[in-house]
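Here is a short report on the internal spaces of one protein and on one of its sheets. Keep the model open while reading.

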Amino acid sequence: MKVIVVGGVAGGATAAARIRRLDEQAQIIIFERSGYVSYANCGLPYYIGGVITDPGELTLQTPEHFYTRYRVDVRVRHEVTAIDTARKCVHVRKLDTGEEWDERYDKLLLSPGAQPILPGAAAVAEDEAVFTLRTLEDTMRITRFLDEYKPRSVVLAGGGYIGVELAENLAARGLDVTIVQRPRQLLAPLDYDMACFVHAQLRSKGVRLLLGHTVTGVTRKDGMLTVQLQGAPALQADMAVLALGVTPDTKLAADAGLSLGLKGSIAVNEHMQTSAPDVYAVGDAVEIRSSVSGLPACIPLAGPANKQGRIAADNICGRPSVFTGTQGTSVVQAFGLTAAATGLNEKTARTAGIACDRVVLSPLSHAGYYPGAAVMTMKVLFEPKTLRLLGAQIVGTQGVDKRIDVLATAIRAGMTGPQLAELDLAYAPPYGSAKDPVNMAGYLIENLATGTVKQIHWDELETLPRDGSVTLLDVRTPGEYAGGCAEGFVNIPVDELRERIGELDPAKPVCVMCQSALRSYIACRILTQHGFACRNFSGGYRFYRTVVQERAAAEHALPCGMEK
């Protein structure tokens, strides 16, 4: 059996190695148009920032090692330009010499990945100071420019994973960093309220955020790059990186007549088979299904790509194997802050037509009495009727990756919110709490499900009347209250509430707030048992303040980064 693999990063390289382990006699050829195979895309920003100092650490395999270990014929700087599914051959061009030929196959695996989205080819100058970051060659080009020209400022067009990671690493090299992002938030997997914590962190480190602005082009004028914005003054910088996102690189598949799906991605079945016989596809270029919503999706992440490569290899070698979808679990670092997400967020749940509610909590990363505990912000989404877990987002400095992985596993297992309370998780003071944050999320959802407490969210607070018909109660200490409070809230500390309950009118509903929603929950239980109708403010004042202050900062920012 002769297998040709087009694309040697992530899914393609994984598939080739798996095929060899299953079939010692197969002839396997990888055609990779870049100069490297099986390199670590996710590590590229950290090489630019100097965190990773040896470029060899980014190349997980070399053509020579691949052949020595697996007897796989890896041909870098070779581009497949056409596929003839009737003749079962691909047309190949050797980029260094221009030589071209047809190569026949018995099985073909496409792993072309994705390509950067640009503002428009005509609107982007061919300039040595304008970059994209997708390949190892891109990384070396950026690093050489930084070392040689010592730029002082950079505009990053795009605020996804790459944009945020580059912001951190370029700032570490002393550059003045501006991120321009068309949506009004960074990091699309997060909901706006959770992204606000990332916005605040980046702003505190000197990164300027221009949210709700669109880059339309990049030109050079008077020795400086000019980054043009739609409906706003242009920006000037020494360099620019276009990180607007990626789109499936599927021209080869489209020209071959393969069926396409969402965003022009390659349509595949659960066995990673395309519409053409003996042709498979994996990775960022393929359409998959969300394992939570069941809807088609394009999720360009390394984890799913590697899983798909293994599954395609199994099927190529006659072992039935099925890809059941992905939930898009991801994590990113931003100046010491970690942001992670899994499953659906509120926007994707609405798009899928799935009703969702959420709980927001602010637990410590480990036992509070053990030194070094740090606050996390957790948001867990669930389906109100079935209590099925839909998604989760966490932002914090410690313990985030551990909890998001537990929640990702729970979602994959089809667990309900209250079942989180039953999870038996490891505890020792340096690592966690006897009631782990994941358990606490389960308790919160259980309390909602049983009617033990009702809640109100930050985006509902403005709908409450301010005519005195609703009591707005802040149960923090007088010192906390004096340090800042939501408009219209009066202060009665929770520990004084029983003695001062006569100050409240039992005929009026009460909205109760504290710093993190724990003391306000206790206050709600007290008031409920005294005949009051109560709602607990989800996330507490800390959450509310972050969202409201960040929203105000975004609304008052000029394109130059100064406030109005």
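Ala, Val, Leu, Ile, Met, Phe, Trp, Tyr, Cys and Pro count here as nonpolar, Asp, Glu, Lys and Arg as charged, and the others, Gly among them, as polar. By that scheme, the lining of the second largest pocket holds 15 nonpolar, 11 polar and 3 charged residues. The model is predicted.

**The pocket**

The second largest pocket encloses about 730 Å³ of space. Its lining has 29 residues, and those closest to the centre are Leu361, Ser362, Met440, Ser516 and Leu518. Which elements supply at least two lining residues each? They are strand S23 (357-361), helix H11 (437-449) and helix H14. H11 gives the largest share, with 6 residues.

**The sheet**

Five strands make an open sheet. Their order is S26-S30-S29-S27-S28, and the pairing is parallel. At the edges lie strand S26 (455-456) and strand S28 (490-491), each of which pairs on one side only. Helix H14 (residues 518-528) packs on this sheet. H14 touches S27, S29 and strand S30 (534-537). The direction of H14 makes about 175° with that of S30. H14 also supplies at least two residues to the lining of the second largest pocket.

Look next at strand S27 (residues 471-474) and strand S29 (residues 510-513). They run parallel and are joined by 4 bridges. In this pair, Asp474 stands opposite Met513 of S29.

**The cavities**

How many cavities of 30 Å³ or more does a search of the whole structure find? The search finds 2. The table sets out their volumes and linings.

| Cavity | Volume | Lining by class |
|---|---|---|
| Largest cavity | about 40 Å³ | 9 nonpolar, 1 polar, no charged residues |
| Second largest cavity | about 40 Å³ | 6 nonpolar, 1 polar, 1 charged residues |

The largest cavity is lined by Tyr161, Leu187, Pro189, Leu190, Ser330, Val331, Val332, Ala339, Ala340 and Ala341. Strand S21 (330-334) and strand S22 (337-343) each contribute at least two of its lining residues. None of the residues in this lining is charged.

Around the second largest cavity stand Val6, Leu110, Pro112, Asp249, Thr250, Leu252, Ala253 and Ile266. Which of them is the charged residue? It is Asp249, because Asp counts as charged. Thr250 is the polar one, because Thr is in neither the nonpolar nor the charged list.

How values were computed: Residues numbered from 1 in each chain as written. Predicted model: local features only at pLDDT ≥ 70, side-chain atom pairs only at ≥ 80, totals over all residues. Heavy atoms only, no water. 1 Å grid on protein atoms, 1.4 Å probe; cavity = no way out; pocket = protein on both sides within 12 Å on 5 of 7 lines; lining within 4 Å. Points joined across faces, edges and corners; volume = space filled by probe spheres on them. Pairing = 2+ DSSP bridges. Contact = heavy atoms within 4.5 Å. Axes fitted to C-alpha atoms, helices over the stretch in contact; angles between N-to-C directions.
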